[in-house]
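Visitor: I am new to looking at protein models, and I would like to learn how to read the spaces in one. Could you take me through an example, step by step?

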Amino acid sequence: MTAPIDTRPHTPRVFSGIQPSGGLTLGNYLGAIKRFVAMQESGTPSLYCMVDLHAITVWQDPASLSRATRELCAGFIASGLDPEKSILFNQSQVAEHAQLGWVLSCVARMGWMKRMTQFKDKAGKNAENASLGLFGYPALMAADILIYHATHVPVGEDQKQHLELTRDIAAKFNHDYGVDFFPITEPVIEGAATRVMSLRDGSKKMSKSDPSDMSRINMTDDADTIAKKIRKAKTDAEPLPSELDGLEGRPEARNLVNIYAGLADVSAEDVMREMGGRAFSEFKPALADLAVDKMAPISGEMSRLMQDTGEIDAILARGAADARAIAAPILKRTYEIVGMVGS
Ligand code: TRP
C-alpha cells in the first residue's frame with residue numbers, strides 16, 4: 001500500500017551542520033554553536049550534524065577525520081548542546097543523506113551548480129582537479145536539510161547561496177512531481193556582529209587554517225593561552241570610542257568589541273557605553289578575563305570528553321538512530337513520489 005503523501009503545513013524543525021575538518025575556533029563558537037544552544041533552549045526540535053561526508057570533498061587524513069568528528073561532538077556538548085534535548089550525530093551514520101542526495105542531484109541543474117561561488121573559491125584555479133563531490137556538495141547539503149523536512153537552518157553568511165539553492169531544489173521537486181512535499185527552508189543567517197575576525201588582521205575571518213596560532217582562539221585552548229592571545233591581539237593606539245561610529249576604519253578594535261559583546265551576550269552598543277574612553281591596556285584585561293571565564297570551562301570539558309571516545313561514540317550512535325527514525329519515512333515517501341518500486 002502506498003503511504004499518503006504528507007501535505008501538512010511543515011512543523012518547525014531546526015537542522016544545521018558543521019564540517020569536522022580541523023580544529024574549532026572562537027568563530028565557530030560565537031558564530032554557530034552558541035546560536036545552536038540558544039535554539040535548543042527555545043524548545044524547537046533540533047538536529048546538529050557533524051557533516052563528515054562533506055568534509056571528504058577535499059582530502060582528509062582518515063585518522064584526523066575521526067578525531068575531528070569526535071572533537072566536534074565534544075565541542076557541541078561542552079558548549080551546552082544536550083544529547084537529551086537535541087539530536088547530535090555524524091552524517092555518514094545516516095545513509096538517507098546520501099540516498100536523498102542522489103535524487104536531488106537529479107533535480108538540481110548544472111547551470112545552478114556552476115553559479116555556486118564557494119565551489120569557485122574552494123576549487124580555485126585548478127577546478128579541473130577538484131573532486132566531483134566538491135562540485136555536487138550543495139545537492140548533498142540540500143539533502144541534509146530536506147531529509148528531515150527542516151524548516152529553519154542557522155548558518156553563516158557564506159552559506160546563504162547554498163540555502164537559496166536548497167529552496168530552488170525543493171521547489172523544483174515539488175513542482176515537477178506535483179506535490180507539496182519538501183518545505184521551503186528559512187535561512188537563519190548569522191549577523192555581521194557575530195562574525196569573528198583574526199586577532200592579527202581585523203579584515204580577515206578567524207580561521208583554523210591561518211598559519212599563525214596567535215590569530216585565533218581555539219576551543220581547546222587553556223586559560224593561559226586564551227589570556228595571552230587576547231593580550232597580544234593587534235589593536236591601534238586610540239582608546240575605545242563611546243559610540244559604534246567611532247569604530248569605523250578600526251577593524252581590530254571593532255573585532256575585540258564584537259568578541260566582548262558575543263561572550264557577554266550584550267550588544268556592541270552596550271560594550272561601547274560601558275567601555276568607551278578606556279585604553280586597550282584596560283579593555284584587553286577585561287576581555288581576557290571574560291574570554292577565560294566563558295571559554296576555559298568549555299576547553300576543559302572538551303578534553304575530559306575526548307578522554308573517553310566510547311562515550312562520544314555512544315552519543316553519536318544514539319543520535320544517528322533518532323535521526324534515522326525521522327529520515328527513513330521521508331526517504332521512503334520520496335522514492336514513492338519518484339516512482340521507485342519498493343516493498
Ligand atoms: N556547508 C556547510 C559549511 O561548510 C556545512 C553544512 C553541510 C550544512 N550541510 C549543511 C550547514 C546543512 C547547514 C545545513 O559550513
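**Reading pockets, a cavity and the overall fold**

Guide: Let us begin with an open space: helix H4 (96–105), helix H5 (110–114) and H7 each contribute at least two residues to the lining of the second largest pocket. Please keep in mind throughout that this is a predicted model.

Visitor: Which helix gives the largest share of that lining, and which residues lie nearest the centre of the pocket?

Guide: The largest share, 7 residues, comes from H7, and among the 18 residues that line the second largest pocket, Ser-105, Leu-132, Gly-133, Gly-136 and Tyr-137 lie nearest its centre. The volume of this second largest pocket is about 390 Å³, and its lining is made up of 12 nonpolar, 5 polar and 1 charged residues.

Visitor: What is the volume of the largest pocket, and how many residues line it?

Guide: The largest pocket has a volume of about 1100 Å³, and of the 38 residues that line it, Asn-28, Asp-158, Gln-159, Lys-205 and Lys-208 are the closest to its centre. When you read a lining, it helps to ask about both the elements and the residue classes. Here, strand S1 (14–18), helix H1 (26–41), H6, H7 and strand S4 (152–155) each supply at least two lining residues, with H1 giving the largest share, 6 residues. By class, the lining of the largest pocket has 13 nonpolar, 16 polar and 9 charged residues.

Visitor: How should I think about a cavity, as opposed to a pocket?

Guide: A pocket is an open set of points, whereas a cavity is a set of points where the probe fits but cannot get out. In this structure there is 1 cavity of 30 Å³ or more, and the volume of the largest cavity is about 50 Å³.

Visitor: Which residues line the largest cavity, and which helices supply at least two of them?

Guide: The lining consists of Met-116, Gln-118, Phe-119, Lys-122, Leu-134, Tyr-137, Pro-138 and His-162, and the helices that each supply at least two residues are H6 (117–123) and H7 (132–146). Sorted by class, the cavity lining comes to 5 nonpolar, 2 polar and 1 charged residues. You may recognise Tyr-137, which lines the largest cavity and is also among the residues nearest the centre of the second largest pocket.

Visitor: How do I step back and read the protein as a whole?

Guide: You can start with its elements and then turn to its overall dimensions. The secondary structure amounts to 13 helices and 5 strands, and the radius of gyration is 21 Å, close to the 20 Å that the globule rule gives for 343 residues, so the protein is as compact as a globular protein of that length. Taken along the principal axes, the C-alpha atoms fill a box of roughly 70 × 45 × 40 Å.

Visitor: What share of the residues counts as buried, and what share of the accessible surface belongs to carbon and sulfur atoms?

Guide: Of the 343 residues, 48% count as buried, while the accessible surface comes to about 16100 Å², of which 52% belongs to carbon and sulfur atoms. As for contacts, 77% of those with a separation of 6 or more are between residues 24 or more positions apart.

Visitor: How would I read a single residue, such as Glu-282 in helix H12?

Guide: You can look at its accessibility, where partly exposed covers the range between under 20% and over 50% relative accessible area. Glu-282, which sits in helix H12 (residues 280–306), has a relative accessible area of 44% and is therefore partly exposed. The C-alpha atoms of Glu-282 and Leu-240 are separated by 10.0 Å, and these two residues are 42 residues apart along the chain.

Notes. Residues are numbered from 1 along each chain as its sequence is written. This is a predicted model: local features need pLDDT of at least 70, side-chain atom pairs count only at pLDDT 80 or more; totals for chains, interfaces and linings use all residues. Side-chain values use heavy atoms; hydrogens and water are left out. On a 1 Å grid over the protein atoms alone, a cavity is a set of points where a 1.4 Å probe fits but cannot get out, and a pocket is an open set with protein on both sides within 12 Å along at least five of seven lines; lining residues have an atom within 4 Å of a point. Grid points are joined across faces, edges and corners, and a volume is the space filled by probe spheres set on the points. Helices (H or I, at least four residues) and strands (E, at least two) are DSSP runs, numbered from the N terminus. Ala, Val, Leu, Ile, Met, Phe, Trp, Tyr, Cys and Pro count as nonpolar, Asp, Glu, Lys and Arg as charged, and the others, Gly among them, as polar. The radius of gyration is taken over C-alpha atoms; the globule rule is 2.2 Å times the number of residues to the power 0.38. Buried means under 20% relative accessible area, exposed over 50%, partly exposed in between (1.4 Å probe, protein chains only). Contact means heavy atoms within 4.5 Å. Accessible areas come from the Shrake-Rupley method with a 1.4 Å probe; for residues, only the protein chains shown count as cover.
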